[in-house]
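Please open the model in your viewer and keep the sequence beside it. The stops below go from the whole chain to a single pair of side chains.

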Amino acid sequence: MPAKKYLTWAAVAFVAFYVITQPDGATESVEHAAMGISSAADSFATFVNSLA
């Protein structure tokens, strides 16, 4: 499936370009993603605890 491979490489190239040209923005994006994952994990833990 060559299209999937090309899209993957394009996404990797875009991320690398973004990190190189906008390091502050990239840092902020990673922090927001980490906070989102943490919030989702907290919400899931609350849900599981409410089942018991």
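Begin with the whole protein chain coloured by accessibility: of its 52 residues, 2% count as buried, where buried means under 20% relative accessible area, exposed means over 50% and partly exposed lies in between, with a 1.4 Å probe and protein chains only. This is a predicted model, in which local features need pLDDT of at least 70 and side-chain atom pairs count only at pLDDT 80 or more, while totals for chains, interfaces and linings use all residues. Residues are numbered from 1 along each chain as its sequence is written, and side-chain values use heavy atoms, with hydrogens and water left out.

Switch next to a cartoon, which shows two helices and zero strands in the protein chain; these are DSSP runs numbered from the N terminus (helices H or I, at least four residues; strands E, at least two). With the C-alpha trace displayed, the principal axes of the protein chain span about 45 × 35 × 5 Å.

Now select Phe 14 and Tyr 18 and show their side chains: they form a stacked aromatic pair, 6.4 Å centre to centre with 15 degrees between the planes. Rings of Phe, Tyr and Trp (its six-membered ring) pair if their centres lie within 6.5 Å, and planes under 30 degrees apart count as stacked, over 60 as edge-to-face and the rest as tilted. Both residues belong to helix α1 (residues 2–21), where, being four residues apart, Phe 14 and Tyr 18 are separated by about one helical turn. Colour the two by accessibility once more: Phe 14 is exposed at a relative accessible area of 56%, whereas Tyr 18 is partly exposed at 30%.
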